[in-house]
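Here's a walk through one protein chain, helix by helix and contact by contact. Have the structure open and follow along.

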Amino acid sequence: MIVKSVLQEDLLTLAEVKELLDQIRLKRADEEELGYELRRAIRHADLFAKGTAEESQAMVAELMKLEKMNKQIAVKIADVRPTSKDELRAIYAKERFTLSEEELNSILEIVFRG
């Protein structure tokens, strides 16, 4: 398939992608066989998606309220759902700033609630 132009672009969590792919699978199941790439994408989403799309959206919204947070990092945290401060530091490794213990604790608190 050749894409001529991008109409809209948005960051999605893996749980949201899983739900979209499930809708596509149900819609296409009766009409045609699913292509290789679509089957692989569905399998990947099934294996690695954590929680539901609503939970992930709520977590991203709550994370975005924090000071040193952007959309890409919030989506990554919602996808990975880190369980320790070291995992959080790995997510922030490419950023030009470091997080204080208080900021790490507040992020982990949001993740554990979600």
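Let's start with helix H1, residues 14–29: its 16 residues reach 22 Å from the first C-alpha to the last, close to the 22 Å expected at 1.5 Å a residue. Bear in mind that this is a predicted model.

**Helix H1 and its neighbours**

Which residues of H1 are buried? They are Leu14, Ala15, Glu16 and Leu21. The buried residues of this helix pack against helix H2 (36–48), H3 and H4.

H1 also carries a salt bridge, between the side chains of Asp22 and Arg25, at 2.4 Å from N to O. Asp22 and Arg25 are three residues apart in helix H1, so about one helical turn separates them. In general, an α-helix has 3.6 residues a turn, so residues three or four places apart point the same way. Neither partner is hidden away completely: Asp22 is partly exposed at 22% relative accessibility, and Arg25 is partly exposed at 28%.

**The cores**

Now for the greasy parts. The largest nonpolar core has 18 residues, and the ones that touch the most other members are Leu63, Met69, Ile77, Tyr92 and Ile107. Helix H3 (53–63), H4, H5 and helix H6 (101–113) are the elements that give two or more residues to this core. Apart from it lies another core of five residues, including Leu21, Leu34, Leu38 and Ile42. In soluble globular proteins, nonpolar side chains tend to be buried together.

Take Leu63 as a way into the 18-residue core. Leaving out residues up to four places away in sequence, Leu63 touches Met69, Ala74, Ile77, Ile107 and Ile110.

Two of those contacts, Ala74 and Ile77, also turn up among the buried residues of H4, listed with Ile73, Val75 and Ala78. What covers the buried residues of H4 includes H3, H5 and H6. At the start of H4, a side-chain oxygen of Asn70 comes to within 3.2 Å of the backbone nitrogen of Gln72.

**Arg81, a buried arginine**

Just after H4 comes Arg81, with a positive phi near 50°. Arg81 sits in the loop between helix H4 (71–80) and H5.

What is the nearest side chain of opposite charge to Arg81, and how far away is it? It's Glu55, 4.2 Å away, and Arg81 is buried yet has no salt bridge. The cut-off for a salt bridge is 4 Å from nitrogen to carboxyl oxygen, so a pair beyond that distance isn't counted.

Arg81 does have polar company, though. Its side chain makes a polar contact of 3.4 Å with the side chain of Ser56, and the backbone oxygen of Ala78 lies 3.1 Å from a polar atom of the Arg81 side chain. Setting aside residues up to four places away in sequence, Arg81 touches Lys50, Gly51, Glu55, Ser56, Met59, Val111 and Gly114.

Look at the same contact from the other end. Ser56 is in helix H3 and is buried, with a relative accessible area of 0%. Again not counting residues up to four places away in sequence, Ser56 touches Thr13, Ala15, Lys50, Ala78 and Arg81.

**Salt bridges**

How many salt bridges are there? The count comes to nine. Here are some of the pairs, with their N to O distances:

| Pair | Distance |
|---|---|
| Asp22 and Arg25 | 2.4 Å |
| Arg39 and Glu33 | 3.9 Å |
| Glu103 and Lys68 | 3.8 Å |

In the Arg39 and Glu33 pair, Arg39 is partly exposed, with a relative accessible area of 40%, whereas Glu33 counts as exposed at 69%.

The side chains of Glu103 and Lys68 also meet in a salt bridge. Glu103 lies in helix H6 and Lys68 in the loop between H3 and H4, so this pair ties together parts that are 35 residues apart in sequence. Lys68 is partly exposed, at 28% relative accessibility.

Then there's a network: Lys85, Asp86, Arg89 and Glu101 are linked by salt bridges.

**One more stop in H5**

Glu87 belongs to helix H5, residues 85–91, and is partly exposed, with a relative accessible area of 35%. From C-alpha to C-alpha, Glu87 and Thr13 are 18 Å apart in space, and they are 74 residues apart in sequence.

Technical notes:
Residues numbered from 1 in each chain as written. Predicted model: local features only at pLDDT ≥ 70, side-chain atom pairs only at ≥ 80, totals over all residues. Heavy atoms only, no water. Helix = DSSP H or I, 4+ residues; strand = E, 2+ residues; numbered from the N terminus. Buried < 20%, exposed > 50% of the residue type's maximum accessible area, 1.4 Å probe, protein only. Lys, Arg positive; Asp, Glu negative; His and termini not counted. Polar contact = N/O pair within 3.5 Å; in protein donor to acceptor, adjacent residues only side chain to side chain. Contact = heavy atoms within 4.5 Å. Core = buried A, V, L, I, M, F, W, Y, C linked by side-chain atoms within 4.5 Å. Expected span 1.5 Å × (residues − 1).
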